Amino acid sequence: MVRSLIFLSILLVGLMSSADSRAAWQEEWERTVKAAKKEGRVAMFGPTGTDRRDALVLPFQKKYGIEVDFLGGRASGIPPRISAERGARRYLWDLVVAGAQEVLLYPMNVLAPLEPAFILPEVKDQKNWREGMFEFLDPNRSVFVVASYQRDILFVNTKVVGTNEFRSYKDLLSPKWKGKIIIDDPRKPGPGQATFDFFYRHPDLGPKFIRALAEQQPLILKNYGQEVDHVGSGKYPVGLGLSSSMADQRIRQGVPIARVDVRQIKEGSDVSPGIGQLGMFNNAPHPNAAKVYINWLLSKEGQIPFVKATGYISKRLDVPTDHAPTWRIPQPGAVKTYGIENRKRVKTKLVPFLKTVFGR
């Protein structure tokens, strides 16, 4: 009888504790949502591409009635804008979904630690995330990897080039491709730089391959849309390190562009979060709306439209992967072309080397 009473008491205490815990997060969430609706909006930087913008804006606005002020563009354009605004003591932005934040924004001390903004249990429980852990890219835990993918590197105009013509990146060194290759500028953060970082680090490619590729007289541009359009027109029928989202848009529009399956390429490819990084600015003007948005984006509900729009693979285990080809699922042991230490090496070794090869 005594043992039964003790057991019952322990059970009741556990249930009460669990109920208190649920009540605590629910109360915090309700307070935050209420305050967020009073703020009325959240301001964020995001990636290029209408489909990506729509995935990051429309479902959230519909669910919470909070307006999203969204500015899309290259990640490299964010630091000078933030620097100028903060120099004038203007704090206009709450969030950023963009790549290379660990090198572009973290050193500026403009990002806030992200974990304190996690409220929903499904977001806070690390068992819901791949490898059973959050992937932060900085010591302050302010740059969070939302999604990643095995990266596509090589694109072709299907009216000019067959995708089966390439079995190795060294096939690009054939004389027939001289003057017919376009590259996203690898001297700037972006898909071109990630591509050449992979080339530089690969034991079968390395600096020698990059120098040989430069002899092919590729056209180097800094505009994602122009790069993809040159491939689509056939003027430069082979593209390296192009914007995957821009390529997807053109493909949906019927432009004759295809990516070469990395599984058929001897050297493979790297794993990258691309634009799948989330950050929150310190001194955010709409802190509660930012918290609501963070929890929505990191929930299963928010991840599904995001990964469908990007073609990425969510870091959440409960988000389906059937929206993407199987080759995009990150492979164990694949090279990662991101992270602070890797970015430092890119800045101190890769970029100076590329400037000697391609000029400044």
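These are my notebook entries on the cavities, pockets, cores and strands I looked up in this structure.

**Entry 1: enclosed space**

I kept in mind throughout that the model is predicted. I began with the cavities, on the general ground that rolling a probe the size of a water molecule over the atoms shows where empty space is left. The count came to two cavities of 30 Å³ or more. The largest cavity holds about 430 Å³ of space, and of the 32 residues that line it, I noted G190, P191, Y224, G274 and I275 as the closest to its centre. When I sorted this lining by class, I found 14 nonpolar, 13 polar and five charged residues. I then looked up which helices take part, and wrote down α6 (191-201) and α9 (244-252), each of which supplies at least two residues of the lining of the largest cavity.

The second largest cavity holds about 40 Å³. I listed its lining in full as G190, Q193, A194, D197, T337, N342, R343 and V346, with α6 and α12 (340-358) as the elements that give two or more residues to it. By class, this lining has two nonpolar, four polar and two charged residues.

**Entry 2: helix α6**

Since α6 had come up in the lining of the largest cavity and again in that of the second largest, I looked next at its burial. Nine of the 11 residues of α6 are buried, so the helix is largely enclosed by the rest of the structure. The buried residues are P191, G192, Q193, A194, T195, F196, D197, F198 and F199. I asked which elements the buried residues of α6 pack against, and the answer was β8 (181-184), α7 (206-214), α8 (224-233), β10 (238-240) and α12.

**Entry 3: V346, between α12 and α6**

To follow the packing of α12, I took V346, which is found in that helix and also belongs to the lining of the second largest cavity. With a relative accessibility of 4%, V346 counts as buried, because the cut-off for that class is under 20%. Leaving aside neighbours within four places in sequence, I found V346 in contact with Q193, D197, V351 and P352. For the pair V346 and D197, which are 149 residues apart along the chain, I noted a C-alpha separation of 7.0 Å.

**Entry 4: strand β8**

I turned to β8, one of the elements that the buried residues of α6 pack against. In β8, I181 and I183 point one way while I182 and D184 point the other way, and all of these are buried. In general, the side chains of a regular strand alternate between the two faces of the sheet. I then looked up the pairing on either count: β8 and β10 pair in the parallel sense over three bridges, and β8 is also joined by three bridges to β9 (residues 219-221), again running parallel. As single examples, I wrote down V238 in β10 as the bridge partner of I181, and L219 in β9 as the residue that I182 stands opposite.

**Entry 5: nonpolar cores**

The largest nonpolar core has 43 residues, of which F60, F118, F144, Y293, I294, L298 and F306 touch the most other members. Helix α10 (residues 287-297) gives the most to this core, with seven residues. I looked at F60 more closely and, not counting residues up to four places away in sequence, found that F60 touches V42, G65, I66, V68, A289, V292, Y293 and W296. A second core of 30 residues is separate, and it includes L154, F198, L205 and I210; F198 I had already entered among the buried residues of α6.

**Entry 6: open pockets**

I ended with the pockets. The largest pocket holds about 460 Å³ of space and is lined by 19 residues, with V103, L104, P189, R343 and K347 nearest its centre. The elements that give two or more residues to this lining are α4 (101-104) and α12, and the largest share, seven residues, comes from α12. I divided the lining into eight nonpolar, one polar and 10 charged residues. I also noted that R343 appears in the lining of the second largest cavity as well as in that of the largest pocket.

The second largest pocket holds about 250 Å³. Of its 15 lining residues, those nearest the centre are E131, S148, K315, P330 and Q331, and the lining divides into seven nonpolar, three polar and five charged residues.

Terms used. Residues numbered from 1 in each chain as written. Predicted model: local features only at pLDDT ≥ 70, side-chain atom pairs only at ≥ 80, totals over all residues. Heavy atoms only, no water. 1 Å grid on protein atoms, 1.4 Å probe; cavity = no way out; pocket = protein on both sides within 12 Å on 5 of 7 lines; lining within 4 Å. Points joined across faces, edges and corners; volume = space filled by probe spheres on them. Helix = DSSP H or I, 4+ residues; strand = E, 2+ residues; numbered from the N terminus. Nonpolar A, V, L, I, M, F, W, Y, C, P; charged D, E, K, R; others polar. Buried < 20%, exposed > 50% of the residue type's maximum accessible area, 1.4 Å probe, protein only. Contact = heavy atoms within 4.5 Å. Core = buried A, V, L, I, M, F, W, Y, C linked by side-chain atoms within 4.5 Å. Pairing = 2+ DSSP bridges.
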